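I opened my notebook to record what I looked up in this structure. I kept each entry short.

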Amino acid sequence: MHQLKPRDAATLPRHLLESHVVDLIRRCPNHLAVRAAHARLLRLRLPRLTAAFALSKLLAASCDPTAAAASYARNLFDQIPEPTAFCYNSLIRALSSSSPAPAADTVLVYRRMLRARTPHPNSFTLAFALKACSVAPALGEGRQLHSQAFRRGLEPSPYVQTGLLNLYAKCEEVALARAVFDAMVGDRNLAAWSAMIGGYSRVGMVNEALGLFRQMQAAGVNPDEVTMVSVISACAKAGALDLGRWVHAFIDRKGITVDLELSTALIDMYAKCGLIERAKWVFDAMVERDTKAWSAMIVGLAIHGLVEDALKFFSRMLELKVRPNNVTFIGVLSACAHSGLVNEGRRHWSTMQALGIRPSMENYGCMVDLFCRSGLLDEAHSFVTGMAIPPNSVIWRTLLVASKNSNRFDIVESASKRLLELEPCNPENYVLLSNLYASNSQWDRVNYMRIKMKENNVNVVAGCSSIEINGYLHKFVVSDDSHPEIKDIRLLLREIADHVIRSGHKPWTAAVLHDVGEEEKEVALCEHSERLAIAYGLLKTKAPHIIRVVKNLRFCPDCHEVAKIISKSYNREIIVRDRVRFHRFVQGSCSCKDFW
DNA sequence: GTTTGTACAT
């Protein structure tokens, strides 16, 4: 096809002109190219109808994820005299990937379409608009669209259904997602299976995610690399190493492409399941590594307490000109915090500013943690009060816990006040403050907190630990009676208690909330979820099998001591992933060197 | 012109 001239625009028949336009726009790889094509089309002075056609094609080609692209798309749309459904759909699609508030903006366009009466929204409109609500994510707007889909009879479209499913999965509404998924019997496609598995994985319902993955295979649907990312990340969340290894072998066996995203998920999985060497191995095998891959690696090293490696990887990343972002610095700064490297942390904080990265709440959190763990309470406090954004509850809680541990009651006072202002109903705060009062034997205040909790109907997040035995995740909560083998576990706990006494360890009963007798406090400690899970591991496996436990909260200090004793008296290696990092117990000592 | 994916401070 020869280059189009303004002369052709006046002489060529419309269908030929249109095919020229299509050809020109098809070759646009990015937003700049779209603009260049637009400029060329303007110079051609196309006839009115062809010009409108060109605008709608440009609009469809314009979905670059930048704010500039969004306003460009709006501009194009406003120049189209009688926008077709295709035009509305293209605008919505462009906004969903590039607008700062995709859900709200999309709903506005959708309403505008309804007000215009014609054209009618179709399944494309709903699919694109739902996508915008999923990336936001915006449950309210999404539900409005769900009702629209129903009213307009567009619900049966597989694209609309997958869109709805994905919306609910992204909003962590697994029950709603599952309802859509269940209604899709017959036309569950790969995307639907993947979105549902991803939904379970996101909320940590690992057994459900893996169960659905098995069902998917039974249904004869072949998973792709996108599915596997969700399956692997479910294993990572749960710390389910054996399952993760099995899934990795499955990926190799099926010849599923291990691309950038899947490699990153594998690095994350091996790191979070305690095999940092294997994570490095996956990282080294990658042909291309982006910011997320580097960040996953650095964060992985950080949670293993391997600060030197983490910082080495970070320098290598900079040398290779891969741009770090906020998340990378979460890894770098938390590595410093977990090893007490205050000056190193300060240095990297400046590096971050020098690179023009505006600190996120999490980055501030890392610095506060860094100062707190090193006992620099005054520095932590002035850092918090000098933050460029208002500190959130996590920041105040970090400061509160640290100042409580260093008996800095001046800071305790102000931090707890701010914390309760920000989060009057968070159960975590009640527990924290109750513990604070309990450790000072202020039982009237403890009681007051307990009454407040009842009044506000606050339910405490229970400590929960899990251990994987034969491919199944066994979960324990504090004082859990529900496990079928609880009798044997209790017997073993008693035996452990004897070892603990013989080792000369005195239970740190201050960790127990209630104002009960010392003896009952000891019993309460013995029923902590991590201790139940470790005991169950001792019961069900033999040396040299490593006992691997994952806990949702931080390790109880007393249980940490007891784990050391168990590792020695039973000659077993125990690895516990708590909310913050890994603890590896060998022959009576822990890899965290008791620094936490 | 549709749909599914990864790193995140206590």
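My entries below cover cores, cavities, cysteines and two single residues.

**Entry: the model**
I noted at the start that this is a predicted model.

**Entry: the largest core**
Which residues touch the most other members of the largest nonpolar core? I found Leu41, Leu165 and Met228, out of 150 residues in that core. I then looked up which element gives the largest share. Helix 16, residues 260-272, does so with 8 residues.

I followed up on Met228. I left aside its neighbours within four places in sequence. Met228 is in contact with Phe213, Pro223 and Val247. Its contacts also include Phe250, Ile251, Ile256 and Leu262.

**Entry: a second core**
I found a second core, separate from the largest one, with 30 residues. Among them are Leu532, Ile534, Tyr536 and Phe585. I copied out a general remark to go with both entries. In soluble globular proteins, nonpolar side chains tend to be buried together.

**Entry: cavities**
How many cavities of 30 Å³ or more does a search of the whole structure find? I wrote down 2.

I took the largest cavity first. Its volume is about 50 Å³. The residues that line this cavity include Gly239, Lys272 and Cys273. Arg548, Val549 and Val550 line it as well. So do Ile575, Val576, Arg577 and Phe582. I checked which elements give two or more residues to this lining. They are strand 3 (547-551) and strand 4 (574-577). I sorted the lining of the largest cavity by type and got 6 nonpolar, 1 polar and 3 charged residues.

Next came the second largest cavity. It holds about 30 Å³ of space. Leu210, Phe213, Arg214, Leu243 and Trp246 line it. I had already met Phe213, as a contact of Met228. Helix 13 (206-218) and helix 15 (241-254) each supply at least two residues of this lining. Which helix gives the most? Helix 13 does, with 3 residues. By type, the lining of the second largest cavity has 4 nonpolar residues, no polar ones and 1 charged one.

**Entry: cysteines**
How many disulfides does the structure hold? I counted 0. I looked at two cysteines in detail.

Cys133 is in no disulfide. The nearest cysteine sulfur is that of Cys171, 8.0 Å away. Cys133 is buried, with a relative accessible area of 0%.

Why is there no bond between Cys556 and Cys559? Cys559 has the closest cysteine sulfur to that of Cys556, but the two are 3.7 Å apart, so they are too far for a bond. The cut-off for a disulfide is within 2.5 Å. I also checked whether Cys556 is buried or exposed. Cys556 is buried, because its relative accessible area is 6% and the limit for buried is under 20%.

**Entry: Ser56**
I found Ser56 in helix 4, residues 48-61. Ser56 is buried, with a relative accessible area of 10%. What does Ser56 touch, not counting residues up to four places away in sequence? I listed Ile80, Phe86 and Cys87.

**Entry: Leu311**
I found Leu311 in helix 19, residues 307-319. Leu311 is buried, with a relative accessible area of 12%. I left aside neighbours within four places in sequence and listed its contacts. They are Val332, Cys336, Leu341, Glu344 and His348. I also looked up Leu311 and Leu301 as a pair. They are 10 residues apart in sequence and 9.1 Å apart in space, C-alpha to C-alpha.

How values were computed: Residues are numbered from 1 along each chain as its sequence is written. Chains are lettered from A and ligands numbered from 1 in the order in which they are written. This is a predicted model: local features need pLDDT of at least 70, side-chain atom pairs count only at pLDDT 80 or more; totals for chains, interfaces and linings use all residues. Side-chain values use heavy atoms; hydrogens and water are left out. Helices (H or I, at least four residues) and strands (E, at least two) are DSSP runs, numbered from the N terminus. Buried means under 20% relative accessible area, exposed over 50%, partly exposed in between (1.4 Å probe, protein chains only). Contact means heavy atoms within 4.5 Å. A nonpolar core is a set of buried Ala, Val, Leu, Ile, Met, Phe, Trp, Tyr and Cys residues joined through side-chain atoms within 4.5 Å. On a 1 Å grid over the protein atoms alone, a cavity is a set of points where a 1.4 Å probe fits but cannot get out, and a pocket is an open set with protein on both sides within 12 Å along at least five of seven lines; lining residues have an atom within 4 Å of a point. Grid points are joined across faces, edges and corners, and a volume is the space filled by probe spheres set on the points. Ala, Val, Leu, Ile, Met, Phe, Trp, Tyr, Cys and Pro count as nonpolar, Asp, Glu, Lys and Arg as charged, and the others, Gly among them, as polar.
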